[in-house]
2 protein chains.
Amino acid sequence: MNQLEEMQTFVRVVDAGSITKVAEQMNTVKSAISRRLSELESRLGVSLLTRTTRTHTITDAGLTFYDHCVRIIEEVSQAESSISNKEKALEGRIRLAVPLSFGLAKLSPLLQQFNNLHPKIKFDVDFNDRHIELAEEGFDLAIRIAKLKDSSLIAKRLTTIQLILCASPAYLAKHGAPNTPQGLANGHVKLNYHSAPDSWKFTTKSGGTESISIPSVMNANNGDFLCQAAIAGKGVILMPDFICAEAIESEQLNIILPNQLTNSLLNVYAIYPQNKHQPQRVKSLIAFLVEQFKTSNK
Amino acid sequence: MNQLEEMQTFVRVVDAGSITKVAEQMNTVKSAISRRLSELESRLGVSLLTRTTRTHTITDAGLTFYDHCVRIIEEVSQAESSISNKEKALEGRIRLAVPLSFGLAKLSPLLQQFNNLHPKIKFDVDFNDRHIELAEEGFDLAIRIAKLKDSSLIAKRLTTIQLILCASPAYLAKHGAPNTPQGLANGHVKLNYHSAPDSWKFTTKSGGTESISIPSVMNANNGDFLCQAAIAGKGVILMPDFICAEAIESEQLNIILPNQLTNSLLNVYAIYPQNKHQPQRVKSLIAFLVEQFKTSNK
DNA sequence: CCTTATAGTTCTAATATTTGAAACAGTAAG
DNA sequence: CTTACTGTTTCAAATATTAGAACTATAAGG
């Protein structure tokens, strides 16, 4: 019982005035068309066509039904094509969740660029460091830093972030610039970034691992704030490169113990629900981000 | 591929928020529901629901599609129920073709009665003696007198008509009232009713058949007109009883050679296309006519 | 008027689709 | 950490649909 196909068949038979012709149009045999019509009439309990052996005339009820059918068929085709087109075209809205600092520093310009390429794609960006249930909150895509555990999501690595240990020249002048991890443990204080580990691990020149823990004089979940504090000489920070790069460049901050940190690399992932059918706009954005990060890292 | 069922399933899943519940509602198993959704999404090439293993959230596209679906389902149900009800209820229009004289004389009062019983049933009556292609011209029903050959139609005998040979007393006084068919052949003239045969057949007292042909001084395709002419003494008429009964009653016409005509009975049939599903109103009318003629003939 | 071609219906074997049941995978709640 | 529950997948069995031929009846053409 395929109501829609029955309706379609009925409409075409009325239009063409011939079961045989419709069978040809629809690439089937006349018996199939005949049976569909009978089926429909039986279900409705109404004759739609008054038949002689060779011709048929539409009944009153048939006429009424015909009008309904035409409209319904039109609406179904609209319903299907509207969303299919929308999803296949580079337009519509992308809901995106990004970490605050990385988002502002690194992603923001890329999104602007992407938007220039595809002006019909609108963004709805949530800058937030909280954990987000992608599927449940209706996000198309999220950017996450570091490890993820949600296994029903798909992750694509975009780039890496270098963690850099640094402090201001004034601070270092006052507390002494350490040459070894051990040196850091003597009298230094840190400004603690939100989800950072309590202790820092270093790879020594001999190849061993050393874990150093120093007191935190300031905690915050915002890297830029801590970076400002470090520039003001409040302590040592372990910061993603994109946050402190500028301060290092201008020598407001100096790198401490370069290349000695273990696991100083964080991965940045684009993660998205494992939808079988992803809107084209989302696919495009992911591809764009992958491409951009690839070239900018060269 | 049953699009409508897919849409229905999708809507119910969105409403209920659970595939399992919908499976129960629809008296099937969850695997069927799950497969229908996947099928629909594949065909559209779009994710309608973003799934985790235990829950799902509707996507943007899903939301759009949902609205369409709800409207379409509503319209389909309207389309089907509207005509089903209309055809099953005692309302609507009956297109009826009836012979002119018989229609006016015998049918007209019955139709009025029927209309009083079922005031919602409208009539569209074509009083016409021409041959009508029932099916092709969209009639629900026709009343026909005598034989019919259209085998794709169904006929139901309603009543019989008695043909009566008569003339006015004045005419008979002038030309002589015949006692035998042979007597009629001597100097009598007839007023010829449209499709009547050229010669009249009589059953003689000895049991034989006699065929008499007399000149026609007037031809017409309207019985009432010929009846008036006969009353005016213009000639002999062979008329259906319902046309001349009143004139005979009032002795404006006298019966000639009573009970001697062969085949003086005509059958009246209700004929209708052999639709498998006839509107209830038409069924009712046929039943009513059969019933009324049965009682009136007692 | 008869013959032939054609339209639609019905029947049946073959084919395709859909279902139901069970196994499976993953998550939430206790 | 276990249990209960949700949704997905798989596959044999049930169901529905189709193609093709035979059949009925009409229209058209000689």
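Let me begin at the place where the two protein chains meet: across the interface of chain A and chain B, 11 residue pairs are in polar contact, with both partners at pLDDT 80 or more. I should say straight away that this is a predicted model, and I will keep to what was computed from it.

On the side of chain A that touches chain B, at least two residues each come from helix H1 (3-16), helix H3 (30-44), strand S1 (49-51), helix H4 (60-88) and helix H6 (134-137) of chain A. Which of these gives the most? That is H4(A), which contributes 18 residues to the side of chain A that touches chain B. If we sort the residues of this side by class, we find 15 nonpolar, 17 polar and 13 charged.

Now to the extent of the contact. On chain A, 45 residues are in contact with chain B, and on chain B the partners number 44. The area buried between the two chains is about 4100 Å², and carbon and sulfur atoms give 53% of that area. Three residues, namely A:Glu75, A:Ile83 and A:His277, supply 15% of the area that chain A buries against chain B, which is more than any other three residues supply.

Let me turn to charge. Side chains of opposite charge can pair when their charged atoms come close. Between chain A and chain B there are 6 salt bridges, and one that you can look for in the structure joins the side chains of A:Arg43 and B:Glu80, at 3.0 Å from N to O. Over all chains, the structure holds 21 salt bridges. One inside chain A is formed by A:Arg36 with A:Glu5, where the closest N and O atoms are 3.6 Å apart. Because A:Arg36 lies in helix H3 of chain A and A:Glu5 in helix H1 of chain A, this pair ties together parts that are 31 residues apart in sequence. Please remember A:Arg36, as we will meet this residue again at the DNA.

How are the two protein copies arranged? Two copies of a chain are related by a rotation about an axis and a shift along it. Here, a turn of 179° and a shift of 0.1 Å along the axis lay chain A on chain B with an RMSD of 0.2 Å, and the two copies are thus related as by a two-fold rotation axis. The residue of chain A that comes closest to this rotation axis is A:Asn2, with its C-alpha at 2.7 Å. Of the interface residues of chain A, 96% are also interface residues in chain B, so the copies meet through the same surface.

That brings me to the DNA, beginning with strand C. This strand is surrounded by 20 residues, and the closest are A:Lys30, A:Arg51, A:Arg54, B:Thr28 and B:Thr53. Of the atoms of DNA strand C that come within 4 Å of the protein, 67% belong to sugar and phosphate. Some individual distances fill in the picture: a polar backbone atom of A:Ile19 is 3.1 Å from a phosphate oxygen of DNA strand C, while for A:Thr20 a polar side-chain atom lies 3.1 Å from a phosphate oxygen of this strand. On the other chain, an N or O atom in the side chain of B:Thr28 is 2.5 Å from a phosphate oxygen of DNA strand C. By class, the surface near DNA strand C has 3 nonpolar, 10 polar and 7 charged residues.

Finally, which residues come nearest to DNA strand D? Of the 21 residues around this strand, they are A:Met1, A:Thr28, A:Thr53, B:Arg51 and B:Arg54. Sugar and phosphate make up 66% of the atoms of DNA strand D that come within 4 Å of the protein. Here A:Arg36 returns, with a polar side-chain atom 3.1 Å from a phosphate oxygen of DNA strand D. From chain B, the side chain of B:Arg51 has an N or O atom 2.5 Å from a phosphate oxygen of this strand, and for B:Ser18 the corresponding distance is 3.5 Å. The surface near DNA strand D divides into 3 nonpolar, 11 polar and 7 charged residues, and at least two of them are supplied by each of H3 of chain A, helix H2 (19-25) of chain B and H3 of chain B.

Note on methods. Residues numbered from 1 in each chain as written. Chains lettered and ligands numbered in written order. Predicted model: local features only at pLDDT ≥ 70, side-chain atom pairs only at ≥ 80, totals over all residues. Heavy atoms only, no water. Contact = heavy atoms within 4.5 Å. Buried area = accessible area lost by both parts, 1.4 Å probe. Salt bridge = Lys/Arg side-chain N within 4 Å of Asp/Glu carboxyl O. Polar contact = N/O pair within 3.5 Å; in protein donor to acceptor, adjacent residues only side chain to side chain. Helix = DSSP H or I, 4+ residues; strand = E, 2+ residues; numbered from the N terminus. Nonpolar A, V, L, I, M, F, W, Y, C, P; charged D, E, K, R; others polar. Near = heavy atom within 4 Å. Least-squares fit on C-alpha atoms with pLDDT ≥ 70 in both.
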